[in-house]
Amino acid sequence: MRKIIKYIPILASILCSIFMFSIGFSSWLIIFVPETDPVSGSFASYDVNEYVVCESGPAVFNYTSLYFIESGREEYGLNTPNKGYITVLYNFTDTAKAKMTEGNGLTLTFNLWYQDAKPDADGNQPKIFTAGNTVASLSASSEQYKPSATTDRFSFDYTFKADSVATAPDTVTVTYTFTTTVGQGFRAAFGQYLLNNKDGLTTKFVTSAEAEVAK
């Protein structure tokens, strides 16, 4: 008889909500770099669960109305390449490390999605994650992960295995990279959909991890 695969959503979801605050909605249509101060995001982290802990929340990109702010970059010429990052550090529990030593290892599904974005032209939830502008990577692997289709929820799996608890990793870092261009490219792909207390709504990006455990 086949083993039952039981999907266990991580208790408390490892939800690390990232509140994205934009600047000057009147400037969304401006086609030059505005002389306004950038605004960074904030987050909320949640308590310990059975397999992983997100203690400090994610590091979220800063941005203006026309581009992601890149560390060390001073010039943002229109239509030049531009990247933003969301980085999440997960700490493994002893239970998770023990699971990695078993035959099937520990498979985690990493998710990224958003809430309260501005609707698209048809009045639906916009789909801003594409294979061309979104990629995820793990500190535990050299492989890169991309959405299989344009979507508003990006998920990928990775199986952690170890010979012993002593050699099991203590943490894993997930990095989401968003690629666009300064100006209209950024606005078309991302900026036009981000809300900053618009009619009481602020766009939130959320990360989570779910464990798939064979019983």
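# Working through a predicted strand-rich chain

Lys83 stands opposite Thr179 in E13. That pairing is a handy way into this structure, which is a predicted model. Grab the view above and try these exercises.

## Exercise 1: Get your bearings

Task: Find out how many helices and strands the protein chain has, and which stretch has pLDDT under 50.

Solution. Start with the elements: there are two helices and 14 strands in the protein chain. Next, check the confidence. The chain's mean pLDDT is 79, with 75% of the residues at 70 or more. Now look for the weak stretch: over residues 1-48, pLDDT stays under 50. The model does have 131 contacts beyond four places in sequence for that stretch, but hold back here. Where pLDDT is low, the predicted coordinates should not be read in detail.

Finish with the chain as a whole. Of its 215 residues, 44% count as buried. About 11,100 Å² is exposed, and carbon and sulfur atoms supply 50% of that. Among contacts with a separation of 6 or more, 75% are between residues 24 or more positions apart.

## Exercise 2: Follow strand E13 to its partners

Task: Work out how many bridges join E13 to E8, and how many join E10 to E13.

Solution. Take E8 to begin with: E8 and E13 run antiparallel and are joined by 11 bridges. Then turn to E10, which is also antiparallel to E13, with five bridges between them. You can pick out single pairs on the E10 side: Thr134 has Phe178 as its bridge partner in E13, and Ala136 has Tyr176.

Ala136 has a further partner, Tyr145, in E11. E10 and E11 (residues 144-145) pair in the antiparallel sense over two bridges, and the hairpin that joins them passes through five residues. As for cover, four of the five residues in E10 are buried.

## Exercise 3: Buried, partly exposed or exposed?

Task: Sort Thr179 and Asn82 into buried, partly exposed or exposed, then see what each one touches.

Solution. Thr179 lies in strand E13. Its relative accessibility is 31%, so Thr179 counts as partly exposed. Beyond four places in sequence, Thr179 is in contact with Asn82, Lys83, Asn133 and Phe190. Measure across to Gly84 too: the two C-alpha atoms are 6.7 Å apart, though Thr179 and Gly84 are 95 residues apart in sequence.

Now step over to Asn82, in strand E8. Asn82 counts as buried because its relative accessibility is 0%. Its contacts beyond four places in sequence include Tyr67, Arg73, Tyr76, Phe178 and Val182. To finish, look at the Asn82 side chain, which reaches the backbone nitrogen of Phe68 at 2.7 Å.

## Exercise 4: Look inside the core

Task: Find which residues touch the most other members of the largest nonpolar core, and which element gives the largest share.

Solution. The core has 40 residues, and the ones touching the most other members are Tyr90, Phe110, Phe156, Tyr176 and Phe178. Elements giving two or more residues to this core include helix H1 (94-100), strand E8 (81-92), strand E12 (153-160) and strand E14 (204-214). The largest share, five residues, comes from E9. As background, nonpolar side chains tend to be buried together in soluble globular proteins.

Stay in E9 and pick out Thr109. Thr109 has 13% relative accessibility, so it counts as buried. Its side chain makes a polar contact of 2.6 Å with the side chain of Asp157. Besides Asp157, Thr109 touches residues including Phe156, Ser208 and Ala209.

## Exercise 5: Spot the positive phi

Task: Say where Asn79 and Asp116 lie, and what phi each one has.

Solution. Keep the usual pattern in mind: most residues other than glycine have a negative phi. Asn79, which is not a glycine, has a positive phi of about 70°. It is placed in the loop between strand E7 (68-69) and E8. With a relative accessible area of 58%, Asn79 is exposed, because the cut-off for exposed is over 50%.

Repeat for Asp116, in the loop between E9 and E10. Its phi is positive as well, at about 60°. Asp116 has a relative accessible area of 29%, so it is partly exposed.

Notes:
Residues numbered from 1 in each chain as written. Predicted model: local features only at pLDDT ≥ 70, side-chain atom pairs only at ≥ 80, totals over all residues. Heavy atoms only, no water. Core = buried A, V, L, I, M, F, W, Y, C linked by side-chain atoms within 4.5 Å. Buried < 20%, exposed > 50% of the residue type's maximum accessible area, 1.4 Å probe, protein only. Contact = heavy atoms within 4.5 Å. Areas by Shrake-Rupley, 256 points an atom, 1.4 Å probe, with all protein chains shown as cover. Polar contact = N/O pair within 3.5 Å; in protein donor to acceptor, adjacent residues only side chain to side chain. pLDDT = per-residue confidence, 0-100. Pairing = 2+ DSSP bridges.
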